[in-house]
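Biologist: Before I accept the terms used for this model, I would like to hear what each one rests on. Could you take them in turn?

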Amino acid sequence: MGLMTNTQIGRSDVGKDITLFHCAMGYWDADDLINPKIQAFLEVRPDGVAFNVIAWICAFLEYTRQLVSRDGASEKPDLYTGADWSLDRAQDKDLEKDTRYARHLEYISWTSRRQGTTWTTAQYNFTVGVRGSAIEAAWEDRLTKLGVNSAKTRDVIRRQAIRKTPQLSDVILRQFHVATHTSPKWALQALSTTSLTRPPNDLNSTGNLWEISGLQYSSK
Amino acid sequence: MTKVVKTRAHLMAARLQLHEHDNLTAKFLKRENNCRSILGDHWKDKRVSFRAKRRLLQSISFQFPCAANFKKWRWQESEECRLCKALYPKQPAFVECLGHIQGYCKSLQMPRIAVHHGIWRDLIRHIGKQSLEEHEDGSRIWTFPTPVSAVKHEE
(Lines give C-alpha, C1' and ligand atoms only; values in the text may rest on other atoms or scores of the structure.)
Protein backbone atom coordinates (compact mmCIF):
# COMPACT_ATOMS: atom_id res chain seq x y z
CA MET A 1 0.00 0.00 0.00
CA GLY A 2 2.92 2.25 0.71
CA LEU A 3 3.83 1.99 -2.96
CA MET A 4 1.01 4.43 -3.58
CA THR A 5 2.21 6.98 -1.07
CA ASN A 6 3.82 9.15 -3.72
CA THR A 7 0.93 9.55 -6.04
CA GLN A 8 -2.67 10.59 -5.83
CA ILE A 9 -3.52 9.03 -9.19
CA GLY A 10 -6.34 6.54 -8.93
CA ARG A 11 -6.49 7.02 -5.21
CA SER A 12 -10.22 7.73 -5.02
CA ASP A 13 -10.98 4.56 -7.00
CA VAL A 14 -8.78 2.53 -4.69
CA GLY A 15 -10.47 4.21 -1.73
CA LYS A 16 -13.88 3.14 -3.01
CA ASP A 17 -12.60 -0.38 -3.57
CA ILE A 18 -11.16 -0.56 -0.08
CA THR A 19 -14.45 0.63 1.39
CA LEU A 20 -16.37 -1.92 -0.66
CA PHE A 21 -14.09 -4.71 0.50
CA HIS A 22 -14.34 -3.80 4.17
CA CYS A 23 -18.11 -3.43 4.03
CA ALA A 24 -18.47 -6.73 2.12
CA MET A 25 -16.38 -8.52 4.71
CA GLY A 26 -18.27 -6.87 7.55
CA TYR A 27 -15.17 -5.11 8.94
CA TRP A 28 -16.66 -1.62 8.59
CA ASP A 29 -20.21 -0.35 8.72
CA ALA A 30 -21.36 1.80 5.83
CA ASP A 31 -22.18 4.68 8.18
CA ASP A 32 -18.69 4.69 9.78
CA LEU A 33 -16.35 7.63 9.28
CA ILE A 34 -14.58 5.95 6.38
CA ASN A 35 -11.96 8.42 5.13
CA PRO A 36 -9.51 8.26 8.05
CA LYS A 37 -9.78 4.47 7.95
CA ILE A 38 -8.87 4.38 4.27
CA GLN A 39 -5.95 6.67 4.99
CA ALA A 40 -4.77 4.39 7.79
CA PHE A 41 -5.18 1.36 5.54
CA LEU A 42 -3.07 2.96 2.81
CA GLU A 43 -0.39 4.13 5.19
CA VAL A 44 0.56 0.61 6.23
CA ARG A 45 3.65 -0.28 4.27
CA PRO A 46 5.54 -3.55 4.21
CA ASP A 47 9.31 -3.37 3.81
CA GLY A 48 9.14 -4.94 0.38
CA VAL A 49 7.04 -6.85 -2.10
CA ALA A 50 7.87 -9.72 -4.41
CA PHE A 51 5.91 -11.20 -7.27
CA ASN A 52 6.04 -14.75 -8.56
CA VAL A 53 4.83 -14.34 -12.11
CA ILE A 54 4.47 -18.07 -12.75
CA ALA A 55 2.54 -19.15 -9.68
CA TRP A 56 0.81 -15.73 -9.42
CA ILE A 57 1.94 -15.02 -5.91
CA CYS A 58 2.15 -11.55 -4.41
CA ALA A 59 4.33 -11.67 -1.31
CA PHE A 60 4.90 -9.05 1.35
CA LEU A 61 8.41 -9.06 2.80
CA GLU A 62 9.14 -7.86 6.28
CA TYR A 63 12.40 -7.48 8.13
CA THR A 64 12.27 -7.04 11.89
CA ARG A 65 14.89 -6.31 14.46
CA GLN A 66 13.36 -8.16 17.36
CA LEU A 67 14.02 -6.48 20.68
CA VAL A 68 14.80 -9.13 23.22
CA SER A 69 14.36 -12.83 23.57
CA ARG A 70 11.82 -14.35 25.93
CA ASP A 71 14.63 -14.88 28.37
CA GLY A 72 15.14 -11.18 28.51
CA ALA A 73 11.50 -10.40 29.16
CA SER A 74 12.40 -8.59 32.33
CA GLU A 75 14.45 -6.19 30.25
CA LYS A 76 11.35 -4.94 28.53
CA PRO A 77 9.02 -2.40 30.15
CA ASP A 78 5.73 -4.02 31.15
CA LEU A 79 3.84 -1.26 29.43
CA TYR A 80 4.90 -2.50 26.02
CA THR A 81 4.25 -6.18 26.51
CA GLY A 82 0.97 -8.04 26.34
CA ALA A 83 2.38 -10.69 24.08
CA ASP A 84 1.81 -14.41 24.43
CA TRP A 85 4.93 -15.48 26.30
CA SER A 86 4.32 -19.19 25.68
CA LEU A 87 5.71 -18.56 22.20
CA ASP A 88 9.25 -17.77 21.31
CA ARG A 89 9.71 -14.01 20.90
CA ALA A 90 10.65 -14.36 17.22
CA GLN A 91 7.52 -16.40 16.50
CA ASP A 92 5.53 -13.93 18.52
CA LYS A 93 6.90 -11.04 16.48
CA ASP A 94 6.11 -12.90 13.25
CA LEU A 95 2.52 -13.37 14.38
CA GLU A 96 2.27 -9.67 15.17
CA LYS A 97 3.55 -8.80 11.68
CA ASP A 98 1.21 -11.31 10.04
CA THR A 99 -1.72 -9.72 11.81
CA ARG A 100 -0.66 -6.23 10.72
CA TYR A 101 -0.81 -7.09 7.02
CA ALA A 102 -3.49 -9.79 7.05
CA ARG A 103 -6.26 -7.51 5.87
CA HIS A 104 -4.12 -6.01 3.11
CA LEU A 105 -3.30 -9.44 1.77
CA GLU A 106 -6.95 -10.41 2.01
CA TYR A 107 -7.85 -7.25 0.09
CA ILE A 108 -5.40 -8.11 -2.69
CA SER A 109 -6.83 -11.64 -3.03
CA TRP A 110 -10.37 -10.26 -2.99
CA THR A 111 -9.62 -7.67 -5.68
CA SER A 112 -7.85 -10.27 -7.78
CA ARG A 113 -10.83 -12.65 -7.59
CA ARG A 114 -13.20 -9.83 -8.52
CA GLN A 115 -11.18 -9.05 -11.61
CA GLY A 116 -11.03 -12.69 -12.64
CA THR A 117 -7.35 -13.24 -11.93
CA THR A 118 -5.87 -15.78 -9.57
CA TRP A 119 -3.26 -13.92 -7.55
CA THR A 120 -2.61 -15.52 -4.20
CA THR A 121 -0.87 -13.75 -1.36
CA ALA A 122 1.85 -14.62 1.10
CA GLN A 123 3.96 -12.94 3.70
CA TYR A 124 7.60 -13.75 4.43
CA ASN A 125 9.04 -12.36 7.65
CA PHE A 126 12.74 -12.14 8.36
CA THR A 127 13.28 -11.67 12.06
CA VAL A 128 16.60 -11.20 13.86
CA GLY A 129 17.22 -10.39 17.51
CA VAL A 130 19.23 -7.29 18.29
CA ARG A 131 21.74 -9.56 19.96
CA GLY A 132 22.22 -11.63 16.80
CA SER A 133 19.67 -14.35 17.34
CA ALA A 134 17.51 -15.86 14.58
CA ILE A 135 15.59 -19.06 13.96
CA GLU A 136 17.62 -20.85 11.29
CA ALA A 137 14.77 -23.05 10.05
CA ALA A 138 12.47 -20.06 9.49
CA TRP A 139 15.09 -18.23 7.42
CA GLU A 140 15.80 -21.36 5.40
CA ASP A 141 12.13 -21.81 4.67
CA ARG A 142 11.53 -18.21 3.58
CA LEU A 143 14.61 -17.93 1.41
CA THR A 144 13.74 -21.24 -0.30
CA LYS A 145 10.22 -20.01 -0.99
CA LEU A 146 11.67 -16.88 -2.57
CA GLY A 147 13.61 -18.94 -5.07
CA VAL A 148 17.06 -18.99 -3.45
CA ASN A 149 17.75 -22.61 -4.35
CA SER A 150 21.32 -23.13 -3.27
CA ALA A 151 21.70 -24.12 0.38
CA LYS A 152 25.12 -22.49 0.49
CA THR A 153 23.75 -19.19 -0.81
CA ARG A 154 20.91 -19.29 1.68
CA ASP A 155 23.44 -19.79 4.44
CA VAL A 156 25.55 -16.85 3.22
CA ILE A 157 22.54 -14.50 3.00
CA ARG A 158 21.34 -15.54 6.44
CA ARG A 159 24.75 -15.15 8.04
CA GLN A 160 25.32 -11.73 6.48
CA ALA A 161 21.96 -10.36 7.55
CA ILE A 162 22.25 -11.75 11.05
CA ARG A 163 25.80 -10.51 11.53
CA LYS A 164 24.81 -7.10 10.39
CA THR A 165 22.06 -6.79 12.98
CA PRO A 166 24.22 -6.62 16.12
CA GLN A 167 26.80 -4.58 14.20
CA LEU A 168 24.27 -1.95 13.22
CA SER A 169 22.34 -2.13 16.47
CA ASP A 170 25.54 -0.92 18.05
CA VAL A 171 25.00 2.40 16.24
CA ILE A 172 21.95 2.96 18.44
CA LEU A 173 23.85 2.10 21.61
CA ARG A 174 26.63 4.48 20.58
CA GLN A 175 24.20 7.27 19.89
CA PHE A 176 22.54 6.65 23.22
CA HIS A 177 25.91 6.73 24.95
CA VAL A 178 27.00 9.95 23.24
CA ALA A 179 23.63 11.65 23.78
CA THR A 180 23.51 10.81 27.48
CA HIS A 181 27.05 12.05 27.98
CA THR A 182 26.80 15.20 25.88
CA SER A 183 23.46 16.68 24.88
CA PRO A 184 20.21 14.69 24.57
CA LYS A 185 19.23 17.00 21.69
CA TRP A 186 22.17 15.69 19.70
CA ALA A 187 20.37 12.34 19.31
CA LEU A 188 17.61 14.03 17.32
CA GLN A 189 19.99 15.55 14.77
CA ALA A 190 22.76 13.00 14.51
CA LEU A 191 21.48 11.43 11.29
CA SER A 192 20.67 12.94 7.95
CA THR A 193 17.09 12.47 6.77
CA THR A 194 18.28 11.01 3.44
CA SER A 195 19.24 7.81 5.21
CA LEU A 196 15.63 7.48 6.32
CA THR A 197 13.96 8.13 2.99
CA ARG A 198 16.14 6.24 0.55
CA PRO A 199 14.27 3.33 -1.06
CA PRO A 200 14.95 0.16 0.92
CA ASN A 201 16.21 -1.84 -2.04
CA ASP A 202 18.22 0.80 -3.81
CA LEU A 203 20.52 -1.44 -5.83
CA ASN A 204 23.26 1.17 -6.05
CA SER A 205 23.71 1.19 -2.34
CA THR A 206 26.55 -0.78 -0.88
CA GLY A 207 24.55 -1.20 2.29
CA ASN A 208 27.58 -0.08 4.23
CA LEU A 209 26.54 0.44 7.82
CA TRP A 210 28.53 3.60 8.30
CA GLU A 211 27.39 5.01 5.00
CA ILE A 212 23.74 4.67 5.95
CA SER A 213 24.13 5.91 9.48
CA GLY A 214 26.32 8.83 8.47
CA LEU A 215 28.76 7.92 11.19
CA GLN A 216 32.45 7.30 11.04
CA TYR A 217 33.50 3.91 12.32
CA SER A 218 35.83 5.02 15.06
CA SER A 219 36.80 3.16 18.17
CA LYS A 220 34.29 5.08 20.26
CA MET B 1 52.91 -20.17 29.25
CA THR B 2 52.44 -17.71 26.38
CA LYS B 3 49.55 -15.28 26.20
CA VAL B 4 47.92 -17.15 23.31
CA VAL B 5 47.98 -20.46 25.15
CA LYS B 6 46.59 -18.79 28.25
CA THR B 7 43.71 -17.26 26.27
CA ARG B 8 42.90 -20.59 24.64
CA ALA B 9 42.96 -22.32 28.03
CA HIS B 10 40.58 -19.69 29.43
CA LEU B 11 38.23 -20.10 26.48
CA MET B 12 38.20 -23.87 26.85
CA ALA B 13 37.57 -23.61 30.58
CA ALA B 14 34.73 -21.16 29.96
CA ARG B 15 33.16 -23.51 27.43
CA LEU B 16 33.41 -26.46 29.82
CA GLN B 17 31.83 -24.45 32.60
CA LEU B 18 28.96 -23.14 30.49
CA HIS B 19 26.71 -26.15 31.10
CA GLU B 20 26.98 -25.64 34.86
CA HIS B 21 25.33 -22.23 34.60
CA ASP B 22 21.61 -21.72 34.39
CA ASN B 23 21.20 -17.97 34.24
CA LEU B 24 19.61 -15.97 31.41
CA THR B 25 22.89 -15.38 29.60
CA ALA B 26 23.81 -19.07 29.67
CA LYS B 27 20.33 -20.00 28.45
CA PHE B 28 20.63 -17.50 25.62
CA LEU B 29 24.03 -18.79 24.58
CA LYS B 30 23.00 -22.45 24.82
CA ARG B 31 19.85 -22.15 22.74
CA GLU B 32 20.25 -24.31 19.64
CA ASN B 33 19.53 -23.49 15.99
CA ASN B 34 19.60 -19.78 16.76
CA CYS B 35 22.77 -18.90 14.86
CA ARG B 36 25.05 -18.67 17.89
CA SER B 37 28.08 -19.45 15.73
CA ILE B 38 27.58 -16.09 14.03
CA LEU B 39 28.18 -14.36 17.36
CA GLY B 40 31.52 -16.16 17.50
CA ASP B 41 32.36 -14.83 14.02
CA HIS B 42 31.45 -11.34 15.20
CA TRP B 43 33.89 -11.56 18.09
CA LYS B 44 36.63 -12.90 15.90
CA ASP B 45 36.20 -10.07 13.38
CA LYS B 46 39.07 -7.65 13.81
CA ARG B 47 37.22 -4.89 11.95
CA VAL B 48 34.71 -4.65 14.79
CA SER B 49 36.01 -2.33 17.47
CA PHE B 50 36.68 -3.55 20.96
CA ARG B 51 34.08 -1.17 22.37
CA ALA B 52 31.39 -2.47 20.00
CA LYS B 53 32.18 -6.02 21.08
CA ARG B 54 32.02 -4.96 24.70
CA ARG B 55 28.62 -3.34 24.21
CA LEU B 56 27.28 -6.53 22.62
CA LEU B 57 28.71 -8.57 25.46
CA GLN B 58 27.07 -6.22 27.95
CA SER B 59 23.76 -6.57 26.09
CA ILE B 60 23.93 -10.36 26.10
CA SER B 61 24.82 -10.53 29.77
CA PHE B 62 22.19 -7.93 30.77
CA GLN B 63 24.87 -5.60 32.05
CA PHE B 64 24.51 -2.73 29.63
CA PRO B 65 25.10 0.52 31.52
CA CYS B 66 21.60 2.00 31.60
CA ALA B 67 19.45 3.50 34.34
CA ALA B 68 17.51 0.27 34.97
CA ASN B 69 20.74 -1.57 35.73
CA PHE B 70 22.17 1.36 37.70
CA LYS B 71 19.11 1.21 39.92
CA LYS B 72 19.42 -2.55 40.26
CA TRP B 73 23.03 -2.15 41.29
CA ARG B 74 22.00 0.68 43.68
CA TRP B 75 24.15 3.25 41.95
CA GLN B 76 21.28 5.64 41.45
CA GLU B 77 17.70 6.12 42.59
CA SER B 78 15.87 6.74 39.33
CA GLU B 79 15.47 4.30 36.45
CA GLU B 80 13.72 6.79 34.16
CA CYS B 81 15.09 7.26 30.65
CA ARG B 82 17.42 10.26 30.72
CA LEU B 83 16.84 11.13 27.07
CA CYS B 84 13.03 10.93 27.27
CA LYS B 85 13.09 12.94 30.48
CA ALA B 86 15.25 15.68 28.97
CA LEU B 87 13.54 15.91 25.59
CA TYR B 88 9.93 15.22 26.51
CA PRO B 89 9.57 16.46 30.11
CA LYS B 90 5.78 16.62 29.96
CA GLN B 91 5.38 12.95 29.08
CA PRO B 92 5.94 10.13 31.57
CA ALA B 93 9.49 8.80 31.16
CA PHE B 94 9.87 5.08 30.56
CA VAL B 95 12.30 2.75 32.28
CA GLU B 96 15.69 3.08 30.64
CA CYS B 97 16.49 -0.55 29.86
CA LEU B 98 18.06 -2.14 26.81
CA GLY B 99 14.67 -2.92 25.27
CA HIS B 100 13.66 0.72 25.55
CA ILE B 101 16.91 2.02 24.09
CA GLN B 102 16.93 -0.41 21.18
CA GLY B 103 13.27 -0.33 20.32
CA TYR B 104 11.20 2.43 21.84
CA CYS B 105 13.11 5.51 22.94
CA LYS B 106 11.58 8.35 20.95
CA SER B 107 14.80 10.32 20.75
CA LEU B 108 16.58 7.41 19.05
CA GLN B 109 13.94 6.87 16.40
CA MET B 110 16.12 8.12 13.52
CA PRO B 111 19.08 5.83 14.07
CA ARG B 112 16.63 2.98 14.58
CA ILE B 113 14.99 3.56 11.19
CA ALA B 114 18.40 3.98 9.52
CA VAL B 115 19.60 0.71 11.02
CA HIS B 116 16.47 -1.11 9.88
CA HIS B 117 16.77 0.24 6.33
CA GLY B 118 20.49 -0.48 6.17
CA ILE B 119 20.05 -4.14 7.00
CA TRP B 120 16.92 -4.55 4.90
CA ARG B 121 18.49 -2.86 1.86
CA ASP B 122 21.35 -5.31 1.96
CA LEU B 123 19.14 -8.32 2.57
CA ILE B 124 16.71 -7.61 -0.27
CA ARG B 125 19.62 -6.87 -2.61
CA HIS B 126 21.09 -10.29 -1.90
CA ILE B 127 17.75 -12.07 -2.19
CA GLY B 128 17.01 -10.30 -5.47
CA LYS B 129 20.39 -11.30 -6.90
CA GLN B 130 20.31 -14.88 -5.69
CA SER B 131 16.69 -15.75 -6.39
CA LEU B 132 17.69 -17.75 -9.45
CA GLU B 133 14.62 -19.94 -9.93
CA GLU B 134 13.82 -19.67 -13.63
CA HIS B 135 10.93 -20.25 -15.96
CA GLU B 136 11.41 -22.46 -19.06
CA ASP B 137 12.12 -19.39 -21.21
CA GLY B 138 14.98 -18.38 -18.92
CA SER B 139 13.19 -15.50 -17.18
CA ARG B 140 13.33 -15.20 -13.43
CA ILE B 141 10.25 -16.40 -11.58
CA TRP B 142 10.46 -13.91 -8.70
CA THR B 143 10.67 -10.16 -9.22
CA PHE B 144 11.45 -7.65 -6.49
CA PRO B 145 10.24 -4.19 -7.53
CA THR B 146 11.73 -1.12 -5.88
CA PRO B 147 9.46 0.96 -3.67
CA VAL B 148 9.60 4.54 -4.89
CA SER B 149 8.37 6.45 -1.89
CA ALA B 150 10.47 9.36 -0.69
CA VAL B 151 8.15 10.11 2.18
CA LYS B 152 9.90 10.42 5.50
CA HIS B 153 9.45 7.24 7.47
CA GLU B 154 7.88 7.15 10.90
CA GLU B 155 7.76 4.22 13.25
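Modeller: This is a predicted model. In it, strand 1 and strand 2 of chain A make a hairpin, with four residues between them.

Biologist: What is the phi of A:Trp56 in the turn?

Modeller: A:Trp56 has a positive phi of about 55°.

Biologist: How do you know that strand 1 of chain A and strand 2 of chain A pair?

Modeller: Pairing asks for at least two bridges. Five bridges join these two strands of chain A, which run antiparallel, so the criterion is met. One of the partnerships is that of A:Asn52 with A:Ile57 in strand 2.

Biologist: What makes strand 1 of chain B a partner of strand 1 of chain A?

Modeller: Two bridges join strand 1 of chain A (residues 48-52) to strand 1 of chain B. The cut-off is at least two, so they count as paired. The two strands run antiparallel, and A:Phe51 has B:Thr143 as its bridge partner.

Biologist: What is the strand order in the sheet, and why are two strands called edges?

Modeller: The order is 3(A)-2(A)-1(A)-1(B), an open sheet of four strands with mixed pairing. Strand 3 of chain A (120-129) and strand 1 of chain B (142-143) each have a single partner strand, so one side of each has no neighbour in the sheet.

Biologist: Which helix packs on this sheet?

Modeller: Helix 8 of chain B, residues 109-130, touches strand 1, strand 2 and strand 3 of chain A. Its direction makes about 135° with that of strand 2 of chain A (57-66). Within strand 1 of chain A, the covered face holds A:Gly48, A:Ala50 and A:Asn52, while A:Val49 and A:Phe51 are on the uncovered one.

Biologist: Why are helix 1 of chain A and helix 2 of chain A called roughly perpendicular?

Modeller: The axes of helix 1 (residues 11-25) and helix 2 (residues 34-43) of chain A cross at roughly 100° and come within 10 Å. The class covers 65 to 115 degrees, so the term applies. At the contact, A:Gly15, A:Ile18 and A:Thr19 of helix 1 meet A:Ile34, A:Ile38 and A:Phe41 of helix 2. These residues divide into four nonpolar, two polar and no charged.

Biologist: How does the radius of gyration of chain B stand against a compact globule?

Modeller: Chain B has 22 Å, whereas a compact globule of 155 residues would be near 15 Å. The C-alpha atoms of chain B fill a box of roughly 65 × 55 × 30 Å, and buried residues make up 34% of the chain.

Conventions
Residues numbered from 1 in each chain as written. Chains lettered and ligands numbered in written order. Predicted model: local features only at pLDDT ≥ 70, side-chain atom pairs only at ≥ 80, totals over all residues. Rg over C-alpha atoms; globule rule 2.2 N^0.38 Å. Buried ≥ 20, exposed ≤ 12 C-beta atoms within 10 Å, placed from the backbone. Axes fitted to C-alpha atoms, helices over the stretch in contact; angles between N-to-C directions. Contact = placed C-beta atoms within 7 Å. Nonpolar A, V, L, I, M, F, W, Y, C, P; charged D, E, K, R; others polar.
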